[in-house]
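I opened this model to look up how the chain is put together and what surrounds a few chosen residues. My entries are below, in the order in which I looked things up.

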Amino acid sequence: MKKTFLLLAFTALIGLQVHGQDYKTSAGLRAGVPFGLTVKHFLTKTNAVEGILASTPWGGFVITGLYENEHWTGKYPGLNWFWGAGAHVGFWDRGRNNPYFSDSYRGNAVLGLDAIIGLEYTFDDIPLNLSLDLFPTFNIFGYTGWGGINGGISVRYVF
């Protein structure tokens, strides 16, 4: 039992040393609109792609792909701000009205464009990344028009 504990403690310490400010991939949960799963992968030191698989408040799900550009704040290590753009495709339950619009669109698919801006903090000592963002959307197929300014908080494990 003592050897197992020491082995686990040693493995955890090595893992903490491997994960620093710069990371390649992170995955976790997103709370907000939309809420669900998020994965972020850096292509270069400042450019990343993010995928979000999320449930929607109007009874369906949406898949979003974003290309993001990340910048260091310059004052606090681990704190970055980012902006980006992408697209989404979603499926709503037929027969459920979208509570964010006054009419009764009853379609079951939507396609649109997204933008994102936010702050992200990656801890030095633990493999954890926190992100806070604003997420405006515009639908071009299905329910067309302004989709609103959404937002969320993401908690990701850093690989």
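These notes go from the whole chain to its surface, then to one histidine and the strands around it.

**Entry 1, the chain as a whole.** I am working with a predicted model, and I began by reading off its secondary structure. I found 1 helix and 8 strands in the chain, and going from the N terminus the order is α-β-β-β-β-β-β-β-β. The chain has 159 residues, of which 36% count as buried. I then looked up the contacts with a separation of 6 or more, and noted that 49% of them are between residues 24 or more positions apart.

**Entry 2, the surface.** I noted an exposed area of about 9200 Å² for the chain, with 72% of it supplied by carbon and sulfur atoms. I next asked which residues form a nonpolar patch on the surface. The patch has about 1200 Å² of accessible area together, and its members include Trp81, Trp83, Leu111, Phe138, Trp146 and Ile149. At least two residues of the patch come from each of strand 5 (79-92), strand 6 (110-122), strand 7 (128-141) and strand 8 (145-158). I picked out Leu134, another member of the patch, which I located in strand 7. Its relative accessible area is 47%, so I recorded Leu134 as partly exposed, the cut-off for exposed being over 50%.

**Entry 3, His41.** I turned to His41, which lies in strand 2 (residues 35-42). Is His41 buried, partly exposed or exposed? I entered it as partly exposed because its relative accessibility is 28%, and buried would require a value under 20%. Setting aside neighbours within four places in sequence, I listed Lys24, Thr25, Ala48 and Val49 as the contacts of His41. Thr25 is 16 residues away from His41 along the chain, yet their C-alpha atoms are separated by 4.3 Å, and a polar contact of 2.6 Å joins the two side chains. I also noted that the side chain of His41 reaches the backbone oxygen of Lys24 at 3.4 Å.

**Entry 4, the strands around His41.** I followed strand 2 onward and found that a hairpin of 4 residues joins it to strand 3. Strand 2 and strand 3 (residues 47-56) run antiparallel and are joined by 8 bridges, with Thr38 standing opposite Ile52 in strand 3. Strand 3 is also joined to strand 4 (residues 60-72), again antiparallel, by 10 bridges. Ala48, which I had already listed as a contact of His41, stands opposite Glu68 in strand 4.

Notes:
Residues are numbered from 1 along each chain as its sequence is written. This is a predicted model: local features need pLDDT of at least 70, side-chain atom pairs count only at pLDDT 80 or more; totals for chains, interfaces and linings use all residues. Side-chain values use heavy atoms; hydrogens and water are left out. Buried means under 20% relative accessible area, exposed over 50%, partly exposed in between (1.4 Å probe, protein chains only). Contact means heavy atoms within 4.5 Å. Accessible areas come from the Shrake-Rupley method with a 1.4 Å probe; for residues, only the protein chains shown count as cover. Patches are made of residues with over 30% relative accessible area and no salt bridge: like charges are joined within 9 Å, nonpolar side chains (Val, Leu, Ile, Met, Phe, Trp, Tyr) within 5 Å. A salt bridge is a side-chain nitrogen of Lys or Arg within 4 Å of a carboxyl oxygen of Asp or Glu. A polar contact is a pair of N or O atoms within 3.5 Å; within protein, one must be able to donate a hydrogen and the other to accept it, and residues adjacent in sequence count only if both atoms are side-chain atoms. Two strands pair if DSSP finds at least two bridges between them.
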